[in-house]
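Welcome! Here is a short tour of a structure you may be meeting for the first time. Have the picture in view and take the topics one by one.

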Amino acid sequence: AQSLSKNLIHLVFSTKLRRPDLKDDYRNELHAYMATVLKNLKSPALIINSVDDHIHLLYNLHPTVALSKSVEDVKKIIFERLKSYVPKFSWQPGYGAFSVSESNKDTVIGYIKNQQEHHQRLSFQDELRVILKKHNIAYDEKYLFD
């Protein structure tokens, strides 16, 4: 019998202390590397976008790949690439991963596509709080940001 699944994941993660290390000079290269990492995990990216201090991805997580493995691989590969641009670069240790229904996919794609415009009005911290509230995820503010 065939196993069928669709696990759309909206992944969000930040630079350490939200330092503005993700620059336009190499942003497209980083996005391409992330897409390749996900493709190699059979978890194709639908959209990847970033601003100076954090990244949003929407991808279809393959049923044989653990969410934590996909996040670890993406962060690790991009960390290695960024070290050539930003020698003291590091990621915030955690991440946010949110399931997305097929019926809400286009809304999330539009949201990710418009990150630069969106963050003229809202900080990463406030954005994450809104996403957590929308997904009904309890959190302790003390541990949310490093």
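The notes below look at the nonpolar cores, the aromatic pairs and one strand pairing. Please keep in mind that this is a predicted model.

**The nonpolar cores**

- A good place to begin is the largest nonpolar core, which has 23 residues.
- The residues with the most contacts inside this core are Met34, Ile55, Leu57, Tyr59, Leu82 and Trp91.
- Two or more residues each come from β1 (7-14), α1 (24-40), β3 (54-61) and α2 (67-83).
- Helix α1 gives the largest share of the core, with five residues.
- To see one of these residues in its setting, look at Ile55: beyond its neighbours within four places in sequence, Ile55 is in contact with Leu11, Val12, Phe13, Leu22, Met34, Ile48, Asn49, Ser50 and Trp91.
- There is also a second, separate core of eight residues, and Phe98, Ile131, Leu144 and Phe145 are among them.

**The aromatic pairs**

- How many aromatic pairs does the count come to? The count comes to four.
- In one of them, the ring centres of Phe13 and Trp91 are 4.8 Å apart and the planes meet at 85°; planes over 60 degrees apart count as edge-to-face, so this pair is edge-to-face.
- Phe13 sits in strand β1 and Trp91 in the loop between α2 and β4 (96-100), so their pairing ties together parts that are 78 residues apart in sequence.
- Are Phe13 and Trp91 buried or exposed? Both Phe13 and Trp91 are buried.
- Phe79 and Phe89 make a tilted pair, with 6.3 Å from centre to centre and 40° between the planes.
- Because Phe79 belongs to helix α2 and Phe89 to the loop between α2 and β4, this pair ties together parts that are 10 residues apart in sequence.
- Phe79 counts as partly exposed at 24% relative accessibility, whereas Phe89 is buried, with a relative accessible area of 2%.
- Phe13, Phe79, Phe89 and Trp91 form one aromatic cluster.

**Strands β2 and β3**

- Strand β2, residues 45-51, is mostly covered, as five of its seven residues are buried.
- β2 pairs with β3 in the antiparallel sense, over six bridges.
- Which residue of β3 is the bridge partner of Ile48? The partner of Ile48 is Leu57.
- Two residues lie between β2 and β3, and the two strands form a hairpin.
- Leu57 also takes you back to the largest nonpolar core, where Leu57 is one of the residues with the most contacts.

Conventions:
Residues numbered from 1 in each chain as written. Predicted model: local features only at pLDDT ≥ 70, side-chain atom pairs only at ≥ 80, totals over all residues. Heavy atoms only, no water. Core = buried A, V, L, I, M, F, W, Y, C linked by side-chain atoms within 4.5 Å. Buried < 20%, exposed > 50% of the residue type's maximum accessible area, 1.4 Å probe, protein only. Helix = DSSP H or I, 4+ residues; strand = E, 2+ residues; numbered from the N terminus. Contact = heavy atoms within 4.5 Å. Phe/Tyr/Trp six-rings, centres within 6.5 Å; stacked < 30°, edge-to-face > 60°. Pairing = 2+ DSSP bridges.
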